[in-house]
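Notebook open, coffee poured. I want to go through this one chain by chain and jot down what I look up.

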Amino acid sequence: MLDLFVQFCQMTVVLAAAPLLAGYVRKLKALLVGRRGPPLLQPYRDLARLLRKEVVLAESASWLFRAAPYIVFAATWVAAALVPTFATGLAFSYAADMIAIVALLGSARFMLALAGLDVGTSFGGIGSSREMMIASLAEPAMLMVVFTLSLLAGSTQLSYIAAFMQGPAVGLRVSLGMALVALVMVAIAENARIPVDNPATHLELTMVHEAMILEYSGRHLALIELASFVKLLLYISVIGCVFAPWGIAVAGQGFAAYLAGLVVYAGKLAAAGLLLAVFETAMAKMRVFRVSDFLGAAFMLGVLATLLLFVSRLA
Amino acid sequence: MVLEALLVCIAALLATAGLGLALVRRRAATVVVYAITLLATAAATSLGVAALLSPAPTVGPLVLPVGLPWLGAHFKLDALGAFFVVVINLGAAATSLYALGYGRHEEAPGRVLPFFPAFLAAMNLVLVAADAFTFLFSWELMSLSSWALVMAHHRRAGNAAAGYLYLLMASLGTLALLFAFGLLSGPSGGYPFDAIRQAPPSAAYAAAVLVLALIGAGSKAGLVPLHAWLPLAHPAAPTHVSALMSGVMTKVAVYGFVRIAFDLLGAPSWWWGALVALVGGITAVMGVLYALMQSDLKRLLAYSTVENIGIVFIGLGLALAFEANEMPGAAALALTAALLHAFNHSLFKSLLFFGAGVVLGATGERDMERLGGLIHRLPRTALAFLVGSAAISALPPFNGFVSEWLMFQAILLSPALPQWLLKFLVPAVGALLALSAALAGACFVKAFGITFLGRPRSAMAAQAVETDRFSLAAMFVLAFLCLLAGILPGYFIDALAPVIQSLAGAHLPRQESLDWLTIVPIAQSRSSYNGLLLFFFIALAASLAAEAIHRSASRVVRRSAAWDCGFPDPNPATQYTPGSFSQPIRRVFGSVLFRAREEVRMPAPGDATPARLQVRMRDVPWDVFYAPIARIVGFVAERLNTLQFLTIRGYLTLVFGALVALLMVLAAWQ
Amino acid sequence: MTGSLAFDVAHLLAGALVLVSMMLLYQDRMTSLINIFALHALVVSFSVAWQAHIQQAPHLYITAAIALVIKATVIPVVLHRIVVRLQIHRTIEPVVGVGLTMLAAIGLVALAIMVMLPITAQAALVAREDLAFALSVILLGLLMMISRRNAVSQVVGFMSIENGLILAATGAKGMPLVVEISVAFSILVALIVIGIFLFRIRERFETVDVHLLHEHRGEQP
């Protein structure tokens, strides 16, 4: 019963912390370029404001356009709830298969791309076609990273991987370094961050994610924004749980361990947010067709990491 | 008992073919023929299920006094055959149900009605055949009846050429299988499969048989580079026949390959697995990339079949590699993944073709550039097509994801393989599998999005009307099965266990006793997947969100023009077309694989002609394999043609020369 | 897994060298290419220094210092100056696209591993993996030389081959200081000669693009 409660806590933590993380990154980016920036809690206010507004639907929009935000949000939230954040081995951890998590994010992306095409404008088409191109390279790269981790840990379940990475058998391996770099590159691409996509842009030539959701307003837009915040949190949690697993409580260690795990998790989020803000401020956005080179490099790194493990099981 | 009943169903189908021929002038012929085939195939499905689930699944061999006089016709139903009987007849039953409604659109029923039941009967005969002659006879019957169906609308542009190419490739495949069975039967001519099993061939012959089986079965299934006929022939046939050819006949080809490679050949060598997996991987990626470049909906679906067959052969190759290295558990996993994917594919590909048929019937268009906005006009069809698209893109909680997941787990078991080439090949094939899965998602966003979403791009699309209830029923049955196989995969894996046991010598642990209906392919500590739980969570999360939103948010919805950044364009031609949707992917992958080049011709300033964008692509397998062979054949044929026009003295010289040559051979032999 | 931290770090540095070689192949701007080459030399010097530490071979520290000073500092600075002085075109065009080059790179790494690991079956695991990685670096350097149209990038590729040789030699535990000094001097001489040649070529032909230079060979019909 306690396990179930802790799992439920994780689901709410993930949901509640996501807008705060987004606001924190935004504030840091502003500070780094010398502006004051919006308040930390601004994303919560933005979501509340969007919820209060009416939804303006295009005349050509169908039921899929109205249903997509819910499915996108649900799939992303479920995926994020399965990733161990402050504790592993929770009640539904055996469903936390990494390939399933990647595929859940794929479902969300599928529905969002369809919603982009639904209204029948050229902006939606731009967003959907570019998003699917990025996905066609980012998803295999992510899967190769999953392969590398699973070959090392002997399982595709995140709890086992996290437990393995905390244990002594892991060592400093080249494949892990390559997998980390590849995962970071994929995370940047999937979360529509600079240098792949600009989350704050208003120019259609530079849009991918923003173009797909251009027609959304009101509560639908609130759900989609919340889903994108949760997705960022998910990727940071995965990187933290796999490559920086110290401090994650194991199930059954008691309340104090969970609390300590929460504090460490908050610290990881803060550190990752800082790194992301610095990285985004330091880089410029790439041309769309350079993104394929970027993600192709991530894919090659993933393949190389898997190859090295396959061949020697040591590197 | 089961086998006899199955043979009765097959006989009923053959009789229906005759009935179709007789009744073709009557208006009720369509309904009668399809109703009988529906009943017969439904009966066959239940017989197959009963045979599969029974504790002693092998029945036979039954020898009938037809066919070759000293051989008879052997029939046998074992676990493998029973599984494929279920797959084939389930697809056929759904198709018959669909055709009850769709068949009314048929403009030339006399060309379709007699051959449709014959096609079904031939496919079933292949599955129960237990000797080489019956197998090859049924295989040829299958090819011929499907060719007749492809040529049903032979006056339409391109269909005759498609049928010709199909006949050529089918003949090539049968020739390869003929040689394969010849080598298997050996000099003593032991055609029954039992005799072949007793006398496995030596390593060299076995290698030749495997390559021949790969060519023969692979050309029917659609492996690159033998796939060229598939995207031409499958769309040329009437839609329900396309669904059968893509969803079901390709599975018969898979059955043929599995029967030869896993059953009749005995112990495999390790490099067989490498070859099959590599061919499968290349097929998967090439197939989906071709599909992405299409704007004809049915050709897109046909190329997508090529991709999925590639995935099945990846699994089969892995299973062969594991078996050669005596790892039966891993072989069982790979084989389960492959066969489950074959089953899943027959479900969702039939569903997608049915949807394409409805669109074709409602709008008269196959070209996606003239469709759009059909989700408003054909809402139920759109929902079913959406389920099929999500399933084929391997998205949880549908069934496509389960078989892909199992295949990934099999790849993750591969580092234990000792051979170096396998050690490098398997992660490469894994990368190809991951790439093809991601590209399939893009392909079906395009297929569903351009066809059903957006605004209608032509008048016909704007006036489409929803189809009849039989077609809808067939689609929804298949969609429901896709969801069921995704949520409760454990039962399907357990049903496959006797097949896997007979072929690989081991099977996956029994799934139905696990908590919450999880599936665990190897061990609990290793990996597990729970489709039901994911589905439940997603539904719960979505309902929670909906509930919370409805309580706390504004509920107002206002319809207005699209925002479109303030420049809404009333012309639906400004939407993305299928070519423009796939342009980024074409730039990334196509410039290498298809030599895709884009050319923009801008008019001079002041010139009022429009700018032109031209995309040039080359079909590399066609240019490398088919065109040279066609040229060589043409060259040789032209040279040999002079033999038709010799004088009498010339012919006499030929006869004399042949006689002298034979006498010399006889003398040399002494 | 031999489990000791020493071997782990050695592996990590060797693998990082392979990674930096692949990054060299990915670059399409001259400045970043030279900077990544400096990183390459830096990783080699760290790797040699670590080997010096675990093998208790102090003369390898000198090798590491030479690599650090000459290859990671002096040569990149000289190359930067050459690029600026000769006003060399700053973009590097690969002969085949970046994607195919990277695919070929992966194939070469796989090939190097496939060749080296079975051959050295008797040696210690550390040496085997180091040799496999070193061969990869050499092959990737060669790939860089043949797949770029620009003379400066060919020079960089040549020097990365030399780094791979150093890795192999230190990993196999036998590199007398004399050999290292002579090799380093020869590299320096080669660089000076190449620099002079580049100057002269640039003066004569206004370009160092080897593709364009090819037309001036004497044997054209």
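**Entry 1: chain C**

I started with the fold of chain C, and reading along the sequence gave me the pattern α-α-α-α-α-α-α-α. That makes eight helices and zero strands. Note to self before going on: this is a predicted model, and local features need pLDDT of at least 70.

Next I checked burial, and 50% of the 221 residues in chain C come out as buried. I also looked at contact order of a sort. Taking contacts in chain C between residues at least 6 apart in sequence, 74% of them join residues at least 24 apart. For the surface, I noted that chain C exposes about 10,400 Å², with carbon and sulfur atoms supplying 70% of it.

**Entry 2: where chain B meets chain A**

How much area do chain B and chain A bury between them? I got about 7,100 Å², and 73% of that is on carbon and sulfur atoms. I then asked which three residues supply more than any other three of the area that chain B buries against chain A. They are B:Leu412, B:Arg559 and B:Tyr576, and together they supply 9%.

In residue counts, the contact takes 84 from chain B and 77 from chain A.

For polar pairs, the rule gives me 21 residue pairs in polar contact across the interface of chain B and chain A, both partners at pLDDT 80 or more. I listed the elements of chain B that each supply at least two residues to the side touching chain A; among them are H16, H17, helix H18 (420–452), helix H22 (531–552) and strand S3 (557–560). The largest share comes from H18(B), with 18 residues. Sorting the residues on that side of chain B by type, I wrote down 53 nonpolar, 23 polar and eight charged.

Salt bridges across this interface: the rule finds one. The partners are A:Glu54 and B:Arg558, with their closest N and O atoms 2.8 Å apart.

**Entry 3: a serine in a loop**

I looked up B:Ser393, which sits in the loop between helix H16 (379–392) and helix H17 (399–412) of chain B. Buried or exposed, I wondered about B:Ser393? It is buried: the relative accessible area of B:Ser393 is 6%, and the cut-off for buried is under 20%. Leaving aside neighbours within four places in sequence, B:Ser393 touches A:Phe110 as well as B:Ala437, B:Ala440, B:Gly441 and B:Phe444. So one loop residue of chain B has a partner in chain A on its contact list.

**Entry 4: salt bridges inside the chains**

Over all chains I count 23 salt bridges in the structure. I picked three to look at.

The first is A:Arg49 with A:Asp46, closest N and O atoms 3.3 Å apart. Both are in helix H2 (residues 42–52) of chain A, and because they are three residues apart there, about one helical turn separates them. A:Arg49 is partly exposed, at a relative accessible area of 36%.

Next I took A:Lys231 with A:Glu190, where the closest N and O atoms are 3.4 Å apart. This pair links distant parts of the chain, 41 residues apart: A:Lys231 is in helix H9 (residues 218–243) of chain A and A:Glu190 in helix H7 (residues 174–190) of chain A. A:Lys231 counts as buried at 15% relative accessibility, and A:Glu190 is buried too, at 10%.

Last of the three is B:Arg259 with B:Asp78, closest N and O atoms 3.0 Å apart. B:Arg259 lies in helix H11 (residues 239–264) of chain B and B:Asp78 in the loop between strand S2 (73–77) and helix H3 (79–102), so the pair ties together parts 181 residues apart in sequence. B:Arg259 is buried at a relative accessible area of 3%, and B:Asp78 counts as buried at 13%. I followed the links outward and found both in a salt-bridge network with B:Lys76, B:Asp194, B:Arg197 and B:Asp263.

**Entry 5: a proline in chain B**

I ended on B:Pro114, in the loop between helix H4 (109–112) and helix H5 (115–128) of chain B. B:Pro114 is buried, with a relative accessible area of 7%. C-alpha to C-alpha, B:Pro114 and B:Gly20 are 4.6 Å apart in space, although 94 residues apart in sequence. Beyond neighbours within four places in sequence, the contacts of B:Pro114 are B:Ala17, B:Gly20, B:Leu21 and B:Pro109.

Definitions and conventions: Residues numbered from 1 in each chain as written. Chains lettered and ligands numbered in written order. Predicted model: local features only at pLDDT ≥ 70, side-chain atom pairs only at ≥ 80, totals over all residues. Heavy atoms only, no water. Helix = DSSP H or I, 4+ residues; strand = E, 2+ residues; numbered from the N terminus. Buried < 20%, exposed > 50% of the residue type's maximum accessible area, 1.4 Å probe, protein only. Contact = heavy atoms within 4.5 Å. Areas by Shrake-Rupley, 256 points an atom, 1.4 Å probe, with all protein chains shown as cover. Buried area = accessible area lost by both parts, 1.4 Å probe. Salt bridge = Lys/Arg side-chain N within 4 Å of Asp/Glu carboxyl O. Polar contact = N/O pair within 3.5 Å; in protein donor to acceptor, adjacent residues only side chain to side chain. Nonpolar A, V, L, I, M, F, W, Y, C, P; charged D, E, K, R; others polar.
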